[in-house]
Protein chains: 2
Amino acid sequence: MAAPVYDAIVLFGDSITQAGWTDSAFGAKLANVYSRKLDVLNRGLAGYNTTWALPVLEQCLERGPQRSKTRLIVIWFGANDACIKPSVQHVPLVEFIANIKQMVRLVQEADPETKVILITPPPVNTQQRKEDLESREPPIMTIDRDFEVTQQYAGGVLKAGADCNVPVVNVWVALWQAAGNKEDGLRVYLSDGLHLTRAGYEVGLDDSPTKEADQRTIKVVYDALLERIRASHGELDPEKLPSVFANWTEMSA
Amino acid sequence: MAAPVYDAIVLFGDSITQAGWTDSAFGAKLANVYSRKLDVLNRGLAGYNTTWALPVLEQCLERGPQRSKTRLIVIWFGANDACIKPSVQHVPLVEFIANIKQMVRLVQEADPETKVILITPPPVNTQQRKEDLESREPPIMTIDRDFEVTQQYAGGVLKAGADCNVPVVNVWVALWQAAGNKEDGLRVYLSDGLHLTRAGYEVGLDDSPTKEADQRTIKVVYDALLERIRASHGELDPEKLPSVFANWTEMSA
């Protein structure tokens, strides 16, 4: 028996994607809103940078007629590529951008109808990251990420998106603004200076003028992604997609 | 691009399965615990009885070599079949049992390696259901489900499981015990007398002798299903299954 009679949305990324099904995070929320319509698949690979992820993507590609299709792939890398030397996870910025662009190209070559959305890595809270690393057994005394470097990699995703003409959800900016543009303000949104808390998956900036500053919250990763899907690929709006199998009231007619 | 390079667990049922991805319910939890290992797919069909669901199952079946397989299908019907006449959702008990057995047979014929687990429908709180129906616009004044009838359909699932020699997770009994064997005690676990609340997806009876009566809670649907997977199909224990793609630390070696 094969399950994929539904088309799919694939969330392809690192640990921040992999954890997207915990505690009602964005993956679980998307799977719920697309129920009866599309499968939302977790292709998060904790610790992976784009260099390691590229051959995984190639293994996932199929050409020719398919029983079910990937309608959308969301590519969210950078948090590990932005590790600073001598980390083995480090990928030079130029290579990172080339890798993201190569991923987009591979997807589009395999099936020109598959849509692509990119997401920028979240900002890093280096003080919080340092505390986390030093609290480990044994303690790690060398910090592996840098605020400005990760910001550059977020910029790299924007550049790749512009070069490939695919939309980008700027989670870096949304979280940074939600944190009041202060690294320490990120503590609410990051569990260890790197990974997202539930608030991190949910809370971002809603800058509609009627909102008071302390009420400026939206569910950023989920809501921003869904908003981007609706704006760029309206045919994938969950409210517009038909159910694969008929509503029960039609069965009894 | 085709996503299904991971094998799958399919949750096949009615609205109680379909809602399994809301608010960290059992589907989302399973998808999380199986991340990197298996996809957990929502094949919940709100309102469906087994008679309508059978042809859906047949459309999902594929024979011959597959790139990815369904390792386990969880079949959870009965809540709608147990509707009382003249409801169009009603399926006679004998036919319901035959349908469940036919589903098991279809899965096993298509791929003898696919495992099957059945789940019994939850108990109904008829008073709560009556209140819900009467509160609608326009009010529905005829109750569509009966406590004892649904109990018989839960028994029907047990019979089908015994006849087909496949394991059954008895959610009916777990919730009934958690409710103190009182229909009114089900209000915590049912949102409208029929569908599960978050507590309904989570809370069941842990009758270990050391526990005080008021502490006897476990996450029934999720925990009981996972326990059944481990006991009956140990190779599908998420802790024993290998990841499809290597851990990142192996990539950097």
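By what turn and what shift along the axis can chain A be laid on chain B? A turn of 180° and a shift of 0.0 Å along the axis lay chain A on chain B with an RMSD of 0.0 Å, the superposition being by least squares on the C-alpha atoms of residues with pLDDT of at least 70 in both. The two copies are thus related as by a two-fold rotation axis. The same surface serves both copies, as 100% of the contact residues of chain A recur in chain B.

This is a predicted model, in which local features need pLDDT of at least 70 and side-chain atom pairs count only at pLDDT 80 or more, while totals for chains, interfaces and linings use all residues. Residues are numbered from 1 along each chain as its sequence is written, chains are lettered from A in the order in which they are written, and side-chain values use heavy atoms, with hydrogens and water left out.

The interface between chain A and chain B is summarised below.

| Quantity | Value |
|---|---|
| Residues in contact (heavy atoms within 4.5 Å) | 51 of chain A with 51 of chain B |
| Buried area (accessible area, 1.4 Å probe, lost on being put together, summed over both) | about 4,500 Å², 59% of it on carbon and sulfur atoms |
| Salt bridges (side-chain nitrogen of Lys or Arg within 4 Å of a carboxyl oxygen of Asp or Glu) | two |

One salt bridge joins D39(A) to R43(B), with the closest N and O atoms 2.7 Å apart. On the side of chain A that touches chain B, the elements that each supply at least two residues include β2 (38-44) and α4 (93-110) of chain A, helices (H or I, at least four residues) and strands (E, at least two) being DSSP runs. The residues of this side comprise 28 nonpolar, 15 polar and eight charged, with Gly counted as polar.

Notes. Buried area is the accessible area (1.4 Å probe) that two parts lose on being put together, summed over both.
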